[in-house]
2 protein chains.
Amino acid sequence: MQRTKKKMPEINRDTEVKLMNAAQNAFIKYGLEGARMQDIADEAGMSKSMLHYYFSKKEKLFETILRQAVTDIFSKLRQILDSDDAVLTKIHRLSHEFIDFLHGHPYLPLFVLHESHKDPAAFQREFMPAREVALSTRFIAQVEEEMRTGKIRPVNPHMLLVQMLSMCVFPILSQPVLQGVLNVTEDEYKKMLKQIQREMPAFFERMLAW
Amino acid sequence: MQRTKKKMPEINRDTEVKLMNAAQNAFIKYGLEGARMQDIADEAGMSKSMLHYYFSKKEKLFETILRQAVTDIFSKLRQILDSDDAVLTKIHRLSHEFIDFLHGHPYLPLFVLHESHKDPAAFQREFMPAREVALSTRFIAQVEEEMRTGKIRPVNPHMLLVQMLSMCVFPILSQPVLQGVLNVTEDEYKKMLKQIQREMPAFFERMLAW
DNA sequence: CTTTGTGTCGACCATTTGGTCGAACCATTT
DNA sequence: AAATGGTTCGACCAAATGGTCGACACAAAG
C-alpha cells in the first residue's frame, strides 16, 4: 500500500520552486518595487493567483527570496572560513571555490548589497543573524593567532578580510562595467577571472610573508 | 542697466537642481521603477507637475540622473588615471582621492552597477562612450611601458587595474553588509577605511616590486 | 457516487501612479 | 495698465498593478 497521506504534494514543491525561481529573476533585475507579480507568474507559467496562494503578499515573497540569497552566500562563505584550514589555505580556497560560486550566481551579491543599502539598520537586524556575525570573529581570532605564532606578518585582521572579499566579489560584481572599460569580450573577461583565481593566493602570500 | 534678457533664469537653475537632487536620492534608493514621482516632488518641495515641466518623462529624468552618476565617477577616475604620474603614484592617489570621493558619494557605485546589470549591452552602448574606454587603454599602455623598462614587475595590466578598483570600491560598496559581518560601529569602519587608504599603496608596491 | 480538501485559474476590484491640462501667478515689456 | 511669456500648481485621467473571490478540477477518502 502507498502512503496514507491524503495527497502527494509533489506538484506542490515543483510549482513552488518554479515560482521562486521566476521571482528571483524578477526581483534581482527590477527590485522589490520594480518587479511585477504578473511577470513573475508568466515566467513561471502559472497564474498570478498562485503567487498569492503560496506566498501571501509580494513583500513576503520578496523576503523569502532575499533571505535565500543571503543564506546562499554566507553558507558558502562559512563553509570555507569556518574550516580547520590555515589562513593561507582559506585564501586559496576562497579564490577558487568562492569565486566559482559567485561566477555561477553573478547576480546574488549585487542583489544583497542593493537591499542592504535601502535600510542598513533594518537589513542588519532582519537578515544578519548572530550566526553570520560569528563567521568573522572566528576567522579574525585565527588570524591573530597565526600572527602571534609568527606564521604570518602582523596585519589588521579586519582589513585582511575586507581585502580578500573585495578581490573575490568585485570583479564579478562589476563585470558589465569593467568589460566595457577594459574593452574586452566576455570570454576575455572570463579568462582574466581565471587568472585572478590563480594569482590571488600568491598575491596574499606576498602580503603576509615576512 | 541690467541684462537685456527678458527674465533671470536663476530660480530655474535652483529648482532644477533641487529636483535633480531629490530624484537622485529616490532613484538611488528605489531604482527606476521603485521611485515615485510624487515622492521626488515632495522631497524637492514642489509639485509633481514641475518634474514633467523640466524633464518630460520619468525615463528622461532617470537617464539624466544615471548619466550624471556615470560621468561623476569616471571624471574622477580619469582625473587620476589620465595624469602624468607614475603607476605607483596613481595607485597612491587612487587610494586617497578616489576613496575620499566615493566616501562622499557612497551610493554612486551601487547605483551604476545595478543599472549596468539590468541590460549590460544597452548600458555599455548608452552610457560608456569611447572616452571612458580610452581611459583604460592609456593606463594599460603605461603599465606595459613601465614593465618594459623594468620599473615594475611583469603583471597582467588588466588584472592590476581590476584589483586596484576592487580595493577602492568594494569596501565602500559593501559597508552596510561588512559592518554587520565584522560587527563594528560606523566609526570603527571609517577608521578601517582610513587605514586601507594608508596601507593600500604599500600593498601594491610589494606586489609590483621585484 | 458523494464528499472533501488542496491546487489552479479567470474575472474583478480598489488603489496607486505616471502623465496631462487649463488656470493662476508674476516679473518684465510695451 | 495691458500684454507677454516663462513658471507653478491643483485637479483630473487612463493605465497599470497588487490583491481578492468564487468557481472549477481532480484525486483521495468515505
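Which pattern does chain A follow when read along the sequence? Here are some friendly notes to take with you through the structure.

1. **The overall fold.** Keep in mind that this is a predicted model. Read from start to end, chain A follows the pattern α-α-α-α-α-α-α-α-α-α-α. In other words, its secondary structure consists of 11 helices and zero strands. The C-alpha trace of chain A spans about 65 × 50 × 40 Å along its principal axes.

2. **How the chain is packed.** Chain A has 210 residues, and 39% of them count as buried. Look also at the contacts in chain A with a separation of 6 or more: 64% of these join residues 24 or more positions apart.

3. **Two copies.** How does chain A relate to chain B? A turn of 180 degrees, with a shift of 0.0 Å along the axis, lays chain A on chain B with an RMSD of 0.0 Å. The two copies are therefore related as by a two-fold rotation axis.

4. **Where the copies meet.** The contact takes 48 residues from chain A and 49 residues from chain B. On the side of chain A that touches chain B, the elements giving two or more residues include helix H1 (10-34), helix H6 (108-118) and helix H11 (186-208) of chain A. H9(A) gives the most to this side, with 10 residues. By type, the residues on the side of chain A that touches chain B divide into 27 nonpolar, 16 polar and five charged. Because 100% of the interface residues of chain A are also interface residues in chain B, the copies meet through the same surface.

5. **The nonpolar core.** In soluble globular proteins, nonpolar side chains tend to be buried together. The largest nonpolar core here has 118 residues, and Cys168(A) and Cys168(B) touch the most other members. Setting aside its neighbours within four places in sequence, Cys168(A) is in contact with Leu94(A), Ser95(A), Phe98(A), Ile99(A) and Leu102(A).

6. **A covered helix.** Is H6(A) mostly covered or mostly uncovered? It is mostly covered, with 10 of its 11 residues buried. Among the buried residues of H6(A) are Leu108(A), Phe111(A) and Val112(A), and also His114(A), Glu115(A) and His117(A).

7. **A helix with two sides.** H8(A) has 19 residues, which at 1.5 Å a residue should span 27 Å, and its end C-alpha atoms are indeed 27 Å apart. The buried residues of H8(A) are Glu132(A), Leu135(A), Ser136(A), Phe139(A) and Val143(A). They cover an arc of only 80 degrees around the axis, which means that they lie on the same side of H8(A). An α-helix has 3.6 residues a turn, so residues three or four places apart point the same way. Exposed residues on the other side of H8(A) include Arg131(A), Arg138(A), Glu144(A) and Arg148(A).

8. **What H8(A) leans on.** The buried residues of H8(A) pack against helix H4 (58-81), H5 and H9 of chain A, together with helix H10 (175-182) of chain B. Just after H8(A), look for Gly150(A), which takes a positive phi of about 80 degrees.

9. **One residue to try yourself.** Find Leu88(A) in helix H5 (residues 87-104) of chain A. Leu88(A) counts as partly exposed because it has 16 C-beta neighbours inside 10 Å. Leaving aside its neighbours within four places in sequence, Leu88(A) is in contact with Phe204(A), Glu205(A) and Leu208(A). Leu88(A) and Glu205(A) are 117 residues apart in sequence, yet their C-alpha atoms are 7.0 Å apart in space.

Definitions and conventions. Residues numbered from 1 in each chain as written. Chains lettered and ligands numbered in written order. Predicted model: local features only at pLDDT ≥ 70, side-chain atom pairs only at ≥ 80, totals over all residues. Least-squares fit on C-alpha atoms with pLDDT ≥ 70 in both. Contact = placed C-beta atoms within 7 Å. Helix = DSSP H or I, 4+ residues; strand = E, 2+ residues; numbered from the N terminus. Nonpolar A, V, L, I, M, F, W, Y, C, P; charged D, E, K, R; others polar. Buried ≥ 20, exposed ≤ 12 C-beta atoms within 10 Å, placed from the backbone. Core = buried A, V, L, I, M, F, W, Y, C linked by C-beta atoms within 7 Å. Expected span 1.5 Å × (residues − 1). Arc of directions from axis to C-beta.
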